Amino acid sequence: MSKYELLSELIKIYEKEISKKVKNKRRIFRFELYKMEYLLSIQDELLNHTYDGGQYNLFLIHKPKTRLIMSQTIYDKIVNHYITRNILEPKLGKYLCDENVATRLDMGTSYAIELFKKQLEYMKRYAEIYVLKLDISKYFYSIDHEVLKSLIKEDLAKEEFTLMKRIIDSTDAPYINEYINRVNAKCENKIPYYNSGKGLPIGNMSSQFLAIFYLSGLHKYMKEELGLSHLIIYMDDYVILHHNQAYLKECLNKIENKLKEEYKLTLNKNKTVIRNIKYGIDFLGYTFKVVNKKTITKLTQDVKRKLIKNIKRLKYESEHDLIEFEGIFSAIMNYKHSYKYINKTKIEKMIGQYWY
């Protein structure tokens, strides 16, 4: 790619992927003042292979749970998007299986649920359906830098690999754990620390891609060696369907050993289960059951509690004139349409129960 093509690509990424999505418009305004100078600087760093991996603005979010977010400057976002779009996806995307659906174009949550329901329909030909639900412990914090580098090295040019090493190792910077230490001194929900040589920064595009790529070899093993063809992978959340419970137990032991030995990861024992589907399995906010060949879909208890809490908060804001009618109407319509895999009348009944 020539320097002119590179600059054109950087401009396109900024205008189509960054400027429209950054919520803090002051940051956009400040960047716009010197946009071409910044873009030419990025161009120079990429061409001369001098980009150092960037710096992060650290903060917490508390929904759906308390997490550390490592936000990049607009400058670093542009670099990160460029690397993901032009290096990682073209060169490593070929290793992703079709059932690995998180954060991918034309896939995501709805796609995962539709695929899971389709697989359930297929499995109804068997007398019993069992689900192996895998959950990897502290996945983003536990991805091993050296293992990850070994997985990407052969597919990247030397300069590309050097660039990715700097980005991967950026979590080793001391200021990150210093911030976590200050937060944990005040926070009841303790944030995990980044151990040296471990973890990806939560929040940037390259991390999302590398996280779904990291276990692509395991996914191939599960499908081709273990014959587990009916599975859905959503980041670190796996559901695997089979008609033989004993075989799933055997597979679980093999998968657990492979995770530990080859990827230096462990399973969350509290969330990893093998269960008959008639007793229900939670996946992406819904509980799925198959009873007498009929699929029953409900909201999980956690999602239901959060929805009730939101309805009560909305009611309070309405009664105290803290929200306009348009906001109330928009929120209620959002509740009705966000949970499209259950009957809308159930949501309407819930709203009526906690509103009136």
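The protein chain of this predicted model contains 15 helices and nine strands. Its C-alpha trace extends over about 65 × 60 × 45 Å along the principal axes. For a compact globule of 356 residues, a radius of gyration near 21 Å would be expected, and the 23 Å found for the protein chain agrees with this. Of the 356 residues, 47% are buried. Contacts across the sequence are also well represented: among those joining residues at least 6 apart, 71% link residues at least 24 apart.

Turning to the outside, the accessible surface of the protein chain amounts to about 19,600 Å², and carbon and sulfur atoms account for 49% of that area. The chain carries 61 positive and 44 negative side chains, and the centres of these two sets are 7 Å apart.

Inside, the largest nonpolar core comprises 81 residues, and Tyr139, Ile152, Leu215 and Met222 have the most contacts within it. Helix H4 (residues 74-92) supplies the largest share of this core, with nine residues. A second core, of 34 residues, lies apart from the largest one and includes Leu115, Leu120, Ile277 and Met350. A closer look at Ile152 helps to picture the larger assembly. Beyond its neighbours within four places in sequence, Ile152 is in contact with Leu92, Phe161, Met164, Ile168, Leu210 and Phe213.

Met222, another of the residues with the most contacts in the largest core, belongs to helix H11 (residues 216-225), where the buried residues are Ser216, Leu218, His219, Tyr221 and Met222. In an α-helix there are 3.6 residues a turn, so residues three or four places apart point the same way. The cover over the buried residues of H11 includes both helices and strands: helix H10 (205-213) and helix H12 (245-263), together with strand E3 (130-135), strand E4 (231-234) and strand E5 (237-242). After H11 comes Gly227, which has a positive phi, near 70°.

A further example is offered by Val183, a residue of helix H9 (residues 174-186). Val183 counts as buried because its relative accessibility is 12%, below the 20% limit used for that class. When residues up to four places away in sequence are set aside, Val183 touches Leu60 and Ile191. Val183 can also be placed relative to Phe59: the two are 124 residues apart in sequence, while their C-alpha atoms are 9.3 Å apart in space.

Note on methods: Residues numbered from 1 in each chain as written. Predicted model: local features only at pLDDT ≥ 70, side-chain atom pairs only at ≥ 80, totals over all residues. Heavy atoms only, no water. Helix = DSSP H or I, 4+ residues; strand = E, 2+ residues; numbered from the N terminus. Rg over C-alpha atoms; globule rule 2.2 N^0.38 Å. Buried < 20%, exposed > 50% of the residue type's maximum accessible area, 1.4 Å probe, protein only. Contact = heavy atoms within 4.5 Å. Areas by Shrake-Rupley, 256 points an atom, 1.4 Å probe, with all protein chains shown as cover. Lys, Arg positive; Asp, Glu negative; His and termini not counted. Charge placed at Lys NZ, Arg CZ, Asp CG, Glu CD. Core = buried A, V, L, I, M, F, W, Y, C linked by side-chain atoms within 4.5 Å.
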